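Dear colleague,

I am handing over the structure below, together with some notes on what was found in it. Please look through the structure first and then read the notes alongside it.

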Amino acid sequence: MITTELVFVRHGEAQCNVDGLVGGPRTCTGLTNRGYAQVEQVALRLAAEHHDKPFDALYAGPRIRLRQTAEIISQALRLPMRTDDRLDGPVHGAADGRPWTEVKTSADGGPHAHPDKLWAAGSDTWNGYLERAGRFLQALIEQHEGQRVLFAVHGETVIVAHTLLLGIPLGSSAGFTVSHGSLTRWQHHLNRLGQTRWMLNRHNDTEHLAALPQEAAS
């Protein structure tokens, strides 16, 4: 029996993604037209699912691209959106607005390359972000035990969920692809013996984007 279910939607393509910029709070200007099209497709898919088995809550992080993603889903499902600053992505500090290539060159790699070091002045460390975001996600899971919860998030938040629920050691060199507009689904199972475990049902599911022209789906 499935008890709790968590569904993560990575935001649609944003302008900062197209421009190759670190899209922190100062730089994020929201979704591109392609990003809107991606989210509209995922919202249609979730609305059909919601009709048969309603979701109980919809959360979004604070950056514009996350709120725009959640607003589209909220309207399609007629489910109120809750914005929570603790669902934001990593703190980028002085890297906010700089080209990712420049930041990675200066830091000898991206955030994952040296997980206990800052990648820019005032930034998180990658492990520090995973630990902080994981604590909050665990608290949300406990708060919504027995419910179905939707999240409009950064790709990093999906990695946080995998790190937490799979028990991946902090600093692992392994990673996960998380595409714009993709769905990732975690389900908490309870069997007849009273045993429980989290199971990853879907990761980076983009089936709903097949209806888009190639340039809008990629």
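**The pockets**

Helix H1 (15-19), H4 and H6 are the helices to look at here, since each of them supplies at least two residues of the lining of the largest pocket. Please bear in mind throughout that this is a predicted model. Helix H6 gives the most to the lining of the largest pocket, with a contribution of three residues. The space in this largest pocket comes to about 550 Å³, and among the 26 residues that line the largest pocket, those closest to its centre are Arg-10, Asn-17, Trp-100, His-112 and Glu-156. When the lining of the largest pocket is divided by class, there are nine nonpolar, twelve polar and five charged residues.

The second largest pocket has a volume of about 160 Å³, and it is lined by 14 residues, of which Trp-126, Leu-130, Ile-159, Ser-172 and Ala-174 are the closest to its centre. The elements that give two or more residues to the lining of this second largest pocket are H5 and H6. By class, the lining of the second largest pocket divides into eight nonpolar and six polar residues, with no charged residues.

**Helices H5 and H6**

How do the two helices that line the second largest pocket pack, and at what angle? Helix H5, which covers residues 126-143, and helix H6, which covers residues 155-166, pack at an angle of about 75°, and their axes are 9 Å apart. Angles of 65 to 115 degrees count as roughly perpendicular, and H5 is therefore roughly perpendicular to H6.

On the H5 side, the residues that take part in the contact with H6 are Trp-126, Tyr-129, Leu-130, Ala-133, Gly-134, Leu-137, Gln-138 and Ile-141. On the H6 side, the residues that meet H5 are Glu-156, Thr-157, Ile-159, Val-160, Ala-161, Thr-163, Leu-164 and Leu-165. Taken by class, the contact of H5 with H6 has eleven nonpolar, four polar and one charged residues.

One residue of this contact can be followed in more detail, namely Ile-141, which is found in helix H5. Ile-141 has a relative accessible area of 7%, and because buried means under 20%, Ile-141 counts as buried. Leaving aside its neighbours within four places in sequence, Ile-141 is in contact with Leu-6, Leu-164, Leu-165 and Trp-198. For one of these partners, Leu-165, the separation from Ile-141 is 24 residues in sequence and 11 Å in space, taken C-alpha to C-alpha.

**The cavity**

The structure also holds one cavity of 30 Å³ or more, and the space in the largest cavity comes to about 40 Å³. Lining the largest cavity are Arg-86, Leu-87 and Asp-88, together with Tyr-129, Ala-133, Leu-137, Thr-157 and Val-160. Both H5 and H6 supply at least two residues of the lining of the largest cavity, and H5 gives the most, with three residues. The lining of the largest cavity divides into five nonpolar, one polar and two charged residues.

**Residues in the loops**

Which residues that are not glycines have a positive phi? Arg-78 has a positive phi of about 55° although it is not a glycine, and Asp-108, likewise not a glycine, has a positive phi of about 60°. Arg-78 is found in the loop between helix H3 (64-77) and strand S3 (81-83), whereas the place of Asp-108 is in the loop between H4 and H5. Exposed means over 50% relative accessible area, so Arg-78 counts as exposed at 80%, and Asp-108 counts as exposed at 55%.

The loop between helix H4 (100-106) and H5 also holds Gly-110. Is Gly-110 buried or exposed? The relative accessible area of Gly-110 is 18%, and because the cut-off for buried is under 20%, Gly-110 counts as buried. Gly-110 and Leu-212 are 102 residues apart in sequence, and their C-alpha atoms are 31 Å apart in space.

With best regards

Note on methods:
Residues numbered from 1 in each chain as written. Predicted model: local features only at pLDDT ≥ 70, side-chain atom pairs only at ≥ 80, totals over all residues. Heavy atoms only, no water. Axes fitted to C-alpha atoms, helices over the stretch in contact; angles between N-to-C directions. Helix = DSSP H or I, 4+ residues; strand = E, 2+ residues; numbered from the N terminus. Parallel < 35°, antiparallel > 145°, perpendicular 65-115°, else oblique. Contact = heavy atoms within 4.5 Å. Nonpolar A, V, L, I, M, F, W, Y, C, P; charged D, E, K, R; others polar. Buried < 20%, exposed > 50% of the residue type's maximum accessible area, 1.4 Å probe, protein only. 1 Å grid on protein atoms, 1.4 Å probe; cavity = no way out; pocket = protein on both sides within 12 Å on 5 of 7 lines; lining within 4 Å. Points joined across faces, edges and corners; volume = space filled by probe spheres on them.
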